[in-house]
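Here are some notes for anyone opening this one for the first time. They are numbered so that you can follow along with the structure in view.

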Amino acid sequence: MMYVSRQMDIRIKELFKRGLVKGTVILIGGNEACSVGMAMPFRPGKDPVALLHRNLAAHLVLGCSPKSVVCQYLANAQSPSHGKEGNVHFGDAPSRRFPMLSHLGGMLAVDVGAVWSARRAGEDVFGLTVIGDGGSSTGQFHESLNMASVYKVPVVFIVENNGYAFSTPVKDQYSCERLSDRAAGYGIRGRTVNGLDAFEVYDAVSESLELMAGEPRPVLIECMTVRLEGHAVYDNAEYVPDEVKAANLKKDPMIFARAAIMEHCGIDDAALSLIEAKLLAELDGAIRESMDVPRPSPSSTSMEVFAPVKYPKIKPYSAKNVWNTRAVNTALDHILADNGDAFVCGQDVGKYGSAFKTCKGLIDKYGGERIVDTPICEAATVGFCLGASQSGSRPIMEFQFADFSTEAVSQLGMNAGTWFFRAGQPAPLLFRLPNGGGITLGAFHSGEFEGLWSRFPGLKLFYPATPQEVYEALMAGFYDPNPCVVFEHKLLYGGKGDIDFDGDLGKVCRPRKYTEGGDVTIVATGAMVEQAVLAVNNNEKKYSAEVWNPFILNPLSFGPVLDSVRRTGRLLVVQESGSVAGLGGHFISLAVRECFGELKCAPALVAAPDTPVPFAKELETAFLPDAAAIGRAMEKMIGDI
């Protein structure tokens, strides 16, 4: 495996120089022993594994064919990612070999969640996940180690220490003597081994697995390796002193591996060379086959970002005069009762019942394994949920406040959101975001962020306003096989209304209309729905308007709203976010493009100022749009005619 991966590295560099391979061709020379030694104890298709860009040999050990790897680098029609992802960003998600994310540290928590979930379902599995010396400086490295330790998840964390993070030497990365010393801070075992000796790495991992079998806890293993060339094919490593380069070449793990094979197997150099020649002939044959594979066709390559949805028929539910908070709690209760694979996680969702008590009583009914209090680590928690979704669980994560979701932009937007597109595997995830202002919590607890999350393909966004809509959004989001985000406006938690849900999830994803009228179409989201209805109902001049809530913001179902605009000829959009932060500009753009000929006047936007949400009640009240502002805007539009 070491020999084949080294020769693949050489040939991929040649293909790059010929212009046949594009992108970041990471060089693996010096890392072969570590990759082979760490991967061999794990069971392909069973143990969850998250590898990094220098782990080509580990992919081969775990069942990936050389042809498949070369196809990936060539980005042809038979590449594992069908030409949709970069050359090192591949895997086999159904076989639990997860495709990597370039954001270093991002895959660690995914592996932790996958192992935790599989073991929760009774599987006797262990995990392997990898980071470099530079990546060990990232926050998600520490978050993931801490989560694995707290939840006692048996994952082997490998740190490949080759002395440089691209061009930055380790002296500028950390001050401890060994990176494995960090294990003590998380109450777990740590050790440093010679990463140039595949046998030593194999023994260290195997011993860790034996210990884990008796006491499921993570282990941190630092493997000291070298990098024989630059970071990638375009890097000549001029920042590495010549004497270090010369010393590293003498440490080439292939030299030691050949000597060890001859000693232990009792064969000489000539016999081993014959084996290598056979392997090389097979590799060259695989490369020739890969070169004959056609390029991916835009017409036949699926570019879908959402997995197909087949909603089940679920139990109807009706209730009178329900608080929005109760609608949330009831929906979660029904989901947990009917789905043993579902769990709720987040900060303070357990005994405290979550910040706004929407999870109150659930831990008493379902226990701590299904209502999981998490450490303060939003990014790792999202990664954990993503991994759990890949091994049989249906996670529901609550962000304590929507503002804190910004801690997880890479995990939620770029990892979970792109998962189906690049891995071809659904990621059934439900995220709850209590959001919005109006309750005097200031700039860091009052944001909406629906505009932010709408920028990431692959995320479905729901923004309900009434108890009925809240219940339906949570139900639809849970039973959808894609990552779904439900915005729950905190000011509306105190709102009341009836729920009359017939159990048909197929009818949920549609805009909602609250009033009838012919003078203007008002589109509002969140707490602005209530204010818009109030403005229409209290309109002394008797102007009539249709008030709409798009409800599902991505993928946007805007057809009925555009039909309304064609009827009224006027569009007023109301949002709590600032004018550049929300989706109001997008709604107006759609209306202008689709209904320009029917418009009687320019569309208008009522929005908050483009500032952070102020804290003092007087300032916040002035900041938030209200019914009076909506009424003035409506009168101005109608008065223009």
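1. Let's begin in a loop. S354 sits in the stretch between strand 10 (342–346) and helix 12 (362–366). Its phi is positive, about 80°, although S354 is not a glycine. Is S354 buried or exposed? With a relative accessibility of 0%, against a cut-off of 20% for buried residues, S354 counts as buried. Bear in mind throughout that this is a predicted model.

2. Now step back to the whole protein. Its secondary structure comes to 22 helices and 22 strands. The radius of gyration is 28 Å, close to the 26 Å that the globule rule gives for 641 residues, so the protein is as compact as a globular protein of that length. If you want a feel for the dimensions, the C-alpha trace spans about 100 × 55 × 45 Å along the principal axes.

3. A few totals go with that picture. Of the 641 residues, 58% are buried. The accessible surface comes to about 25000 Å², and carbon and sulfur atoms hold 55% of that surface. As for contacts with a separation of 6 or more, 79% of them link residues 24 or more positions apart.

4. Helix 4 (residues 66–74) deserves a look. Here 7 of the 9 residues are buried, so the helix is largely enclosed by the rest of the structure. Which residues of helix 4 are the buried ones? They are S68, V69, V70, C71, Q72, Y73 and L74. These buried residues pack against helix 1 (2–17), helix 3 (56–61) and helix 10.

5. Just past that helix comes A75, with a positive phi near 55°. A75 is not a glycine, which puts it alongside S354 as a residue to check by eye. A75 belongs to the loop between helix 4 and strand 2 (97–98). How accessible is A75? At 22% relative accessibility, A75 counts as partly exposed, whereas S354 counts as buried.

6. Helix 10 comes up again through S290, one of its residues. S290 is buried, with a relative accessible area of 1%. What does S290 touch, once residues up to four places away in sequence are set aside? The list is K67, V70, C71, L74 and N76. Of these, V70, C71 and L74 are among the buried residues of helix 4, so you can use S290 to find your way from one helix to the other.

7. R11 is worth a click too. It is found in helix 1, and at 16% relative accessibility R11 counts as buried. Leaving aside neighbours within four places in sequence, R11 is in contact with L280, L283, D284 and I287.

8. Next, the crossing of helix 9 (residues 253–265) and helix 10 (residues 269–291). Two packed helices are described by the angle between their axes and the distance between those axes. For this pair, the axes come within 10 Å and cross at roughly 115°. Which hand does the crossing have? The crossing of helix 9 and helix 10 is right-handed.

9. Who meets whom at that crossing? From helix 9, R258, I261 and M262 take part, and they meet D269, L272, S273 and E276 of helix 10. By class, the contact has 3 nonpolar, 1 polar and 3 charged residues.

10. Further along the chain, find N539 in the loop between helix 18 (527–537) and strand 19 (545–549). N539 is buried, with a relative accessible area of 7%. Not counting residues up to four places away in sequence, N539 touches M634 and E635. How far is N539 from D181? The two are 358 residues apart in sequence, and their C-alpha atoms are 69 Å apart in space.

11. Last, a peptide bond to inspect. The bond from N554 to P555 is cis, with omega near -5°. P555 itself lies in the loop between strand 20 (552–554) and helix 19 (559–568).

Conventions. Residues numbered from 1 in each chain as written. Predicted model: local features only at pLDDT ≥ 70, side-chain atom pairs only at ≥ 80, totals over all residues. Heavy atoms only, no water. Axes fitted to C-alpha atoms, helices over the stretch in contact; angles between N-to-C directions. Helix = DSSP H or I, 4+ residues; strand = E, 2+ residues; numbered from the N terminus. Left-handed = near helix turned anticlockwise from the far one by under 90°. Contact = heavy atoms within 4.5 Å. Nonpolar A, V, L, I, M, F, W, Y, C, P; charged D, E, K, R; others polar. Rg over C-alpha atoms; globule rule 2.2 N^0.38 Å. Buried < 20%, exposed > 50% of the residue type's maximum accessible area, 1.4 Å probe, protein only. Areas by Shrake-Rupley, 256 points an atom, 1.4 Å probe, with all protein chains shown as cover.
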